[in-house]
Amino acid sequence: MGAHAFAERTRHELRAIGDKTPRRTPATISGLTPREAHVAGLAARGATNQEIATQLFISASTVEYHLRKVFQKLAITSRRQLPRVLEPRVTS
């Protein structure tokens, strides 16, 4: 989105109060968060959004949100692609 200046300013302000915010790189931007990896792993094993939501104590719409982010980060369009794409990764 081109908000690099704002991100840098925020990082500077956070450092001023003692926070250690890591710099975002292309590798960290495209990487899955632990929650996204967990949701993706469950979906890859065939769990429905409602089953995932129940297991993780979150709403089905939150599961949908995480899966949208996963699809975007992994450049896929279907749940059926998850097992193939996640195979080299560690799924939770």
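Let's start with K73: at 23% relative accessibility, this residue counts as partly exposed. Keep in mind that we are looking at a predicted model.

Who is the partner of K73? E36 forms a salt bridge with K73. The closest N and O atoms sit 2.8 Å apart. E36 has a relative accessible area of 5%, so this residue is buried. The cut-off for buried is under 20%, so K73 at 23% falls outside that class.

Now the placement. E36 lies in helix α3, residues 34–44. K73 lies in helix α5. The two are 37 residues apart, so the pair links distant parts of the chain. How many salt bridges does a search of the whole structure find? One.

Stay with α5, residues 60–74. Its axis comes within 8 Å of the axis of α4, residues 49–56. They cross at roughly 105°. The window for roughly perpendicular is 65 to 115 degrees, so α4 and α5 get that label. Which residues make the contact? From α4: N49, Q50, I52 and A53. From α5: A60, V63, E64 and L67. By class, that contact has five nonpolar, two polar and one charged residues.

Now the whole protein. Six helices, zero strands. Along the sequence the pattern reads α-α-α-α-α-α. There are 92 residues, and buried ones make up 27%. Take the contacts with a separation of 6 or more: 50% of them come from residues 24 or more positions apart.

Last, the surface. The accessible surface comes to about 6,700 Å². Carbon and sulfur atoms hold 58% of that.

Terms used: Residues are numbered from 1 along each chain as its sequence is written. This is a predicted model: local features need pLDDT of at least 70, side-chain atom pairs count only at pLDDT 80 or more; totals for chains, interfaces and linings use all residues. Side-chain values use heavy atoms; hydrogens and water are left out. Axes are lines fitted to C-alpha atoms, for helices over the stretch in contact, and angles run from 0 to 180 degrees between N-to-C directions. Helices (H or I, at least four residues) and strands (E, at least two) are DSSP runs, numbered from the N terminus. Angles under 35 degrees count as roughly parallel, over 145 as roughly antiparallel, 65 to 115 as roughly perpendicular and the rest as oblique. Contact means heavy atoms within 4.5 Å. Ala, Val, Leu, Ile, Met, Phe, Trp, Tyr, Cys and Pro count as nonpolar, Asp, Glu, Lys and Arg as charged, and the others, Gly among them, as polar. A salt bridge is a side-chain nitrogen of Lys or Arg within 4 Å of a carboxyl oxygen of Asp or Glu. Buried means under 20% relative accessible area, exposed over 50%, partly exposed in between (1.4 Å probe, protein chains only). Accessible areas come from the Shrake-Rupley method with a 1.4 Å probe; for residues, only the protein chains shown count as cover.
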